[in-house]
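Here are a few exercises to help you find your way around a new structure. Keep the viewer open and try each task before reading its solution.

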Amino acid sequence: MAAPSSLVSTEWLAAHLTTPDVKVVDATWYLPTMQRDARAEYAEAHIPGAVYFDIDDIADAASPLPHMLPDPVKFSSRVRQLGLGDGTRIVVYDNNRYSASARVWWMFRVFGHEDVAVLDGGLAKWRAEGRPLEDRTVVPRQAHFTARLNSLLVRDLEQMRTNLVTRREQLLDVRSAGRFAGTEPEPRVGLRSGHIPASRNLPYTDLIAPDGTLLPALELRRRIAASGVDFERPIVTSCGSGVTACTAALALHQIAAPAVAVYDGSWTEWGGRSDTPIES
């Protein structure tokens, strides 16, 4: 059986659901303003065998910013408890248009686990096709996970400051056009409006087809290029808090764009400070 690419279809997952080395992860996450409980929804119905990955729990608890990357020790400890270890083929899904399945896909890659994929279309497509769901509690067998930090896939505040001077990397901001332009309010209180200087804008929703799957590769390439991104230069993606930026990273990975990183703090960090320049 070939290892999954960065996306797998519902048909592929249905055919491999009972394969011993395939592990399924529900990573559904909602903004607080949506007033939905992702963990409760998982308990009510999830793909058989799926464990729940909470990006707000498997995070840096010392950071004032939401769901920042944990250190390798914490990540390894938590995913081992979920039965996600070396040699497993991980398929991640969600029920919120890649929030936060793409984030969890990126996290595993940051910590050196490349055999990870996202379920194209997520739980909504799986459910619409009448595929099986369960509500039983999954008790995983602890696995061994070896974390190998790949710092090339993540950017921090100081690296973003440096890039303002060097302009070595392009920044693709995937918030809505109104938030990027500073004409719409930010969902988090206390953030300034606008964007990091020299950023390009392409709302992440423009990468998703009406049926909830990612757009075909040719259309992804066309839309990303139309935003002004040069595929020959390094790219950093950003959003509100580092979640939907990973959807753009997934899309860029699908079209084989080289050297794509995610600004982990994103606008929550940059727009929440008084010493960072902004444009609008």
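**Exercise 1.** Work out which backbone nitrogen lies 2.9 Å from a polar atom of the side chain of Glu 134, and describe where Glu 134 sits.

*Solution.* Bear in mind that you're looking at a predicted model.
- Step 1: Go to the loop between α5 (122-128) and β6 (154-155), where you'll find Glu 134.
- Step 2: Look for the partner of its side chain; the backbone nitrogen belongs to Gly 49.
- Step 3: Check the wider surroundings. Setting aside residues up to four places away in sequence, Glu 134 touches Glu 44, Ala 45, His 46, Ile 47, Pro 48 and Gly 49.
- Step 4: Decide on burial. The relative accessibility of Glu 134 is 17%, and the cut-off for buried is under 20%, so Glu 134 counts as buried.

**Exercise 2.** Find out what the side chain of Asp 264 reaches, and at what distance.

*Solution.*
- Step 1: Locate Asp 264 in the loop between β10 (260-263) and α10 (266-270).
- Step 2: Follow the side chain to the backbone nitrogen of Leu 69, at 3.0 Å.
- Step 3: Now look for a side-chain partner: a polar contact of 2.8 Å joins Asp 264 to the side chain of Arg 103.
- Step 4: Add the other neighbours. Not counting residues up to four places away in sequence, Asp 264 touches a set that includes His 67, Met 68, Trp 106, Val 154 and Ser 241.
- Step 5: Read off the relative accessible area, which is 5%, so Asp 264 is buried.

**Exercise 3.** Is Gly 228 buried or partly exposed?

*Solution.*
- Step 1: Head for the loop between α8 (217-226) and β9 (235-238), which holds Gly 228.
- Step 2: With a relative accessible area of 31%, Gly 228 is partly exposed.
- Step 3: List its contacts. Leaving aside neighbours within four places in sequence, these are Gln 170 and Arg 200.
- Step 4: Try one distance as well: the C-alpha atoms of Gly 228 and Asn 201 are separated by 8.5 Å, with their positions 27 residues apart along the chain.

**Exercise 4.** Say which residues of helix α3 (residues 72-81) are buried, and how they are arranged around the axis.

*Solution.*
- Step 1: Pick out the buried ones: Phe 75, Ser 76 and Val 79.
- Step 2: They cover an arc of only 95° around the axis, so they lie on the same side of α3.
- Step 3: Ask what covers them; α4 (101-110) is part of the answer.
- Step 4: Inspect both ends. At the start of α3, a side-chain oxygen of Asp 71 comes to within 3.1 Å of the backbone nitrogen of Val 73. Just after α3, Gly 83 has a positive phi of about 80°.

**Exercise 5.** Which residues have the most contacts inside the largest nonpolar core?

*Solution.*
- Step 1: The core has 62 residues, and the ones to pick are Phe 53, Phe 75, Trp 106 and Phe 108.
- Step 2: Take Phe 53 as a sample. Beyond its neighbours within four places in sequence, its contacts include Val 25, Ile 58, Phe 75, Leu 82 and Phe 108.
- Step 3: Look apart from this core for another, of 14 residues, including Trp 12, Leu 13, Val 24 and Ala 117.

**Exercise 6.** Compare the radius of gyration of the protein with what the globule rule gives.

*Solution.*
- Step 1: Start with the inventory: 10 helices and 10 strands.
- Step 2: The radius of gyration is 18 Å, close to the 19 Å given by the rule for 280 residues, so the protein is as compact as a globular protein of that length.
- Step 3: Finish with burial: 55% of the 280 residues count as buried.

Key: Residues numbered from 1 in each chain as written. Predicted model: local features only at pLDDT ≥ 70, side-chain atom pairs only at ≥ 80, totals over all residues. Heavy atoms only, no water. Core = buried A, V, L, I, M, F, W, Y, C linked by side-chain atoms within 4.5 Å. Buried < 20%, exposed > 50% of the residue type's maximum accessible area, 1.4 Å probe, protein only. Contact = heavy atoms within 4.5 Å. Helix = DSSP H or I, 4+ residues; strand = E, 2+ residues; numbered from the N terminus. Arc of directions from axis to C-beta. Polar contact = N/O pair within 3.5 Å; in protein donor to acceptor, adjacent residues only side chain to side chain. Rg over C-alpha atoms; globule rule 2.2 N^0.38 Å.
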